[in-house]
Amino acid sequence: MTVSNLYPTGPLRALDAAHHLHPFSDMKALNAEGSRIIVRAKGCFLEDSDGNRILDGMAGLWCVNIGHGRPEIAEAVQAQMAELAYYNTFFKTTHPPAIRLAELLAELSPPQFKHVFFTGSGSESNDTVLRLVRTYWAKLGKPDKKVIIARRNAYHGSTVAGASLGGMGPMHAQGGLPIPGIHHIAQPYWFDEGGELSPEEFGLVAARELEVAIEQLGEGNVAAFIAEPIQGAGGVIIPPSTYWPEVARICKEREILLVADEVICGFGRTGRWFGSEFVGIEPDLMPVAKGLSSGYLPIGGVLVGEKVASLMVAGEFGDFNHGYTYSGHPVACAAAIANLRIIRDEGLVERVANDIGPYLQKKWLALGDHPLVGEARMVGLIGALELVPAKPERRRFPDPGKVGTICRDFSFANGLVMRAVKDTMIISPPLVLNHEEADELVRLTEKTLDDTYAALKADGRM
Ligand code: PMP
């Protein structure tokens, strides 16, 4: 039987349109075009229901760090399913997969982390963060320390707390967000917001907004600052070198907790196990998900540093009245353990730091010479291209998002998944990408830029 018989695109698309509501989608527009149906994947490549082979430049949704289709994960999952498919971790119980995964995370994470609270996703991890940090200060007799400072254009998830911590206007516009007690400051996005300042000057200015906010809100009212070491969904925003050291200084001098959202940066993406290590900070809490299981099963967690965990284990919290049915789900934990062993034993983090990272970065940064590209940036295996109407100014197209969408559609047609955040093209491929695949990724990106440029010329936009 051929693939097209197994997965007939037309009927499947019609059923999808009839019954399936997609995340972050205008269903009328989506159904008019029809969803792309992905039927299988191996390594860095996807295959759709029409038999097209597509290079997965986004590792799914920034998560398939070990690449698709690893049999070790399927075997670990099958074995755990047969042994104990589900039990909870409430009410004085636990099970070996949760214990082993917690041990492994303590081993792989920076020294201040010896404890983890399991969740089902990155969003749930950030909801957990919000309740943890407020409870922490309340238990220390400082119940007014409630405000969490976050950043505009940050992404911290789609639940009520996650979306409130995030700084996405279109998300806040739906459902009456953000909830009270969250304060947003600048993002370190030099390309868009740096004006005439050098990146280094701008990094300091953006960081010092934290200091100003703490002063305005009153240190006695601020619980924590949360940020992604490198913003992902906001457009792969790599902060200027001055930004994180200044934030670290401000946090050290103040009595507030530092939360690094490692949902994208964690587990090797930057060439270090955690993005915090890459940018040189020592956070108190680290929400994680995605690369924890490489997306093979849904699982997340909050790595809880000793400052907070020591209070919890000393009984100061009493019961922490929080948890999910799937906190530490045994099969998801088994998948995560098998995944972390692959990342560790195959040296994938070191590979990103010393081999495939620098290899791809060199070629990616050279795309900055293309007439459509105002800036090319990449660290580890996470990168972006800013599409601009004219060089060398950091100027945007008049209708933000239009050109990005054209470029993304060409990219798919050319056999590469690249994502568009307005007119910023982003990639985050699996960490197992080999040199040949990196060459192909760059070749397809170049072709996509050329196609986009030609289309814009043809309709007079350039
Ligand atoms: N934090 C960050 C930094 C993310 O990128 C994401 C997801 N893209 C989340 C949190 C939310 O994770 P999830 O979609 O698993 O809820």
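Domain bounds here come from an automatic or database domain assignment. Keep in mind that this is a predicted model: local features need pLDDT of at least 70, side-chain atom pairs count only at pLDDT 80 or more, and totals for chains, interfaces and linings use all residues. Residues are numbered from 1 along each chain as its sequence is written.

**Exercise 1: the two domains**

Find out which residues make up each domain, and how the two domains meet.

Step 1. Start with the bounds: domain 1 is 36–66 + 349–458, and domain 2 is 72–345.

Step 2. Now look at the spacing. Taken over C-alpha atoms, the centres of the two domains are 27 Å apart.

Step 3. Next, the contacts (two residues are in contact if their C-beta atoms, placed from the backbone, lie within 7 Å). Here 25 residues of domain 1 touch 23 residues of domain 2.

Step 4. Which elements of domain 1 do the touching? Helices (H or I, at least four residues) and strands (E, at least two) are DSSP runs, numbered from the N terminus. At least two residues each come from α4 (59–62), α16 (348–354), β11 (373–379), β12 (382–387) and β14 (424–427). The largest share, four residues, belongs to β12.

Step 5. Sort that side of domain 1 by class. Ala, Val, Leu, Ile, Met, Phe, Trp, Tyr, Cys and Pro count as nonpolar, Asp, Glu, Lys and Arg as charged, and the others, Gly among them, as polar. You get 14 nonpolar, seven polar and four charged residues.

**Exercise 2: around the ligand**

How many residues surround the ligand, and which are the closest?

Step 1. Use the cut-off: a residue is near a molecule if its C-beta atom, placed from the backbone, lies within 6 Å of it. That gives 15 residues, and the closest are Ser121, Gly122, Ser123, Gly157 and Val263.

Step 2. Check the helices: α7 (residues 122–139) gives the most to this shell, with three residues.

Step 3. Split the shell by class: five nonpolar, eight polar and two charged.

**Exercise 3: α11 against α12**

Work out how helix α11 (residues 199–217) packs on helix α12 (residues 243–253).

Step 1. Axes are lines fitted to C-alpha atoms, for helices over the stretch in contact, and angles run from 0 to 180 degrees between N-to-C directions. For this pair the angle is about 20°, with the axes 8 Å apart. So α11 is roughly parallel to α12 (angles under 35 degrees count as roughly parallel, over 145 as roughly antiparallel, 65 to 115 as roughly perpendicular and the rest as oblique).

Step 2. Who's touching? From α11 it's Gly203, Leu204, Ala206, Ala207, Arg208, Leu210 and Glu211, and from α12 it's Tyr243, Glu246, Val247 and Ile250.

Step 3. By class, the contact of α11 with α12 holds seven nonpolar, one polar and three charged residues.

**Exercise 4: two partners of α19**

Is α17 roughly parallel or oblique to α19, and what about α18?

Step 1. Helix α17 (residues 356–366) and helix α19 (residues 435–458) pack at about 20°, with axes 10 Å apart. That makes α17 roughly parallel to α19.

Step 2. The contact uses Ile356, Tyr359, Leu360, Lys363 and Trp364 of α17, plus His435, Ala438 and Val442 of α19.

Step 3. Helix α18 (residues 402–413) and α19 have axes that come within 9 Å and cross at roughly 130°. So α18 is oblique to α19.

Step 4. Here Val403, Ile406, Cys407, Phe410 and Ser411 in α18 meet Thr448, Asp451, Thr452, Ala455 and Leu456 in α19. Their classes are six nonpolar, three polar and one charged.
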